[in-house]
Amino acid sequence: MNSLVLLALALAPGAGIGLYIYFKDKYEPEPIGLVVLSFFLGVISTLITLVISLPINWIIPIHEQSLSEQAIHAFLLVALIEEFSKFIFVRWVLYPNKNFNEPFDGIVYAVSVSLGFAALENILSVMNSENGITTGILRMFTAVPAHATFAVLMGYFMGIAKYEKGKKHYVWYGLGAATLFHGAYDYFWFISYVPGLWTGAIISLAIGILLSRKAIRKHQQASPFIHSGNINPQNEHA
């Protein structure tokens, strides 16, 4: 029974965030099957992360008490590898899909992939912790929302790249924005042995959430279905 409680605790925050983003897609919701597939692609992305990071971490040892080496660890060895592993599926599997037909869809698919990644990471963290309940509650308000926030930023730029002329290169801005905020968030946790610096992680997450909310509103307003008359009435006031 305790394992089931821990599993539910690990999955609940991602499920809540996923539903929130899905219902924010007011005008032309994505097929449930494709959203679920995106989630499982995110789970697979954790394996890609391991394949890339394990040999690199073996080659490049990091000293825990070095601020500069922890920056390399946070931004390159963790953030860039993890975000690129998700980016692979968002850019080359979901981006070309015919259902990606409005800017907001970039956010939906990027978040779905990211939540798949976060779900497996969360399960492993909670199940392997000495106090899984505490770990699960802490990650409910930190790591899982953080992954979703990075994904909103990535998906925002994906939507611009696909639907604004001459901005195809913005897909790379998406990878860069997600990596930047992910790296900053992790860096302050990695150097939390310096008194007070852990607050930098909370501040960077708060800034990311504010930018994500703005990105969501902007892409909702940019939907081509607002003025086309092709609106699902059930979702108009979601």
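**Note on salt bridges, a helix pair and two buried glutamines**

1. Lys167 has a relative accessible area of 26% and is therefore partly exposed. Its salt-bridge partner is Glu164, with N and O 2.9 Å apart. Glu164, at 35% relative accessibility, is likewise partly exposed. The model is a predicted one, and the points below should be read with that in mind.

2. The count of salt bridges in the structure is 3. Besides the pair just described, there is one between the side chains of Lys86 and Glu83, at 3.1 Å from N to O. These two residues lie 3 residues apart in helix 3, so about one helical turn separates them. Lys86 and Glu83 are both buried.

3. Arg139 forms a salt bridge with Glu121, and the closest N and O atoms are 3.0 Å apart. This pair joins distant parts of the chain: Arg139 sits in helix 5 (residues 132-140) and Glu121 in helix 4, 18 residues apart. Arg139 has a relative accessibility of 14%, which is under the 20% limit, and so counts as buried.

4. How are helix 4 and helix 6 oriented to each other? Helix 4 (residues 104-127) packs against helix 6 (residues 143-163) at an angle of about 155°, and the axes are 7 Å apart. Angles over 145 degrees count as roughly antiparallel, and the two helices are therefore described that way. Their crossing is right-handed.

5. On the helix 4 side, the residues making this contact include Gly106, Ala110, Ser114, Phe117 and Glu121. Helix 6 contributes, among others, His147, Ala151, Gly155 and Met158. Sorted by class, the contact of helix 4 with helix 6 has 12 nonpolar, 5 polar and 1 charged residues. Glu121 thus appears both in this contact and in the salt bridge with Arg139.

6. Gln70 belongs to helix 3 (residues 67-94). Is its place buried or exposed? With a relative accessibility of 4%, Gln70 is buried. Apart from neighbours within four places in sequence, Gln70 is in contact with Ile62, His63, Glu64, Tyr187, Phe190 and Ile191.

7. Gln220 lies in helix 8 (residues 199-221). Its relative accessible area is 12%, so Gln220 is buried. Which residues does Gln220 contact, leaving aside its neighbours within four places in sequence? They are Lys24, Lys26, Tyr27, Phe104 and Ile226. Of these, Phe104 falls within helix 4 (residues 104-127).

Conventions: Residues numbered from 1 in each chain as written. Predicted model: local features only at pLDDT ≥ 70, side-chain atom pairs only at ≥ 80, totals over all residues. Heavy atoms only, no water. Helix = DSSP H or I, 4+ residues; strand = E, 2+ residues; numbered from the N terminus. Buried < 20%, exposed > 50% of the residue type's maximum accessible area, 1.4 Å probe, protein only. Contact = heavy atoms within 4.5 Å. Axes fitted to C-alpha atoms, helices over the stretch in contact; angles between N-to-C directions. Parallel < 35°, antiparallel > 145°, perpendicular 65-115°, else oblique. Left-handed = near helix turned anticlockwise from the far one by under 90°. Nonpolar A, V, L, I, M, F, W, Y, C, P; charged D, E, K, R; others polar. Salt bridge = Lys/Arg side-chain N within 4 Å of Asp/Glu carboxyl O.
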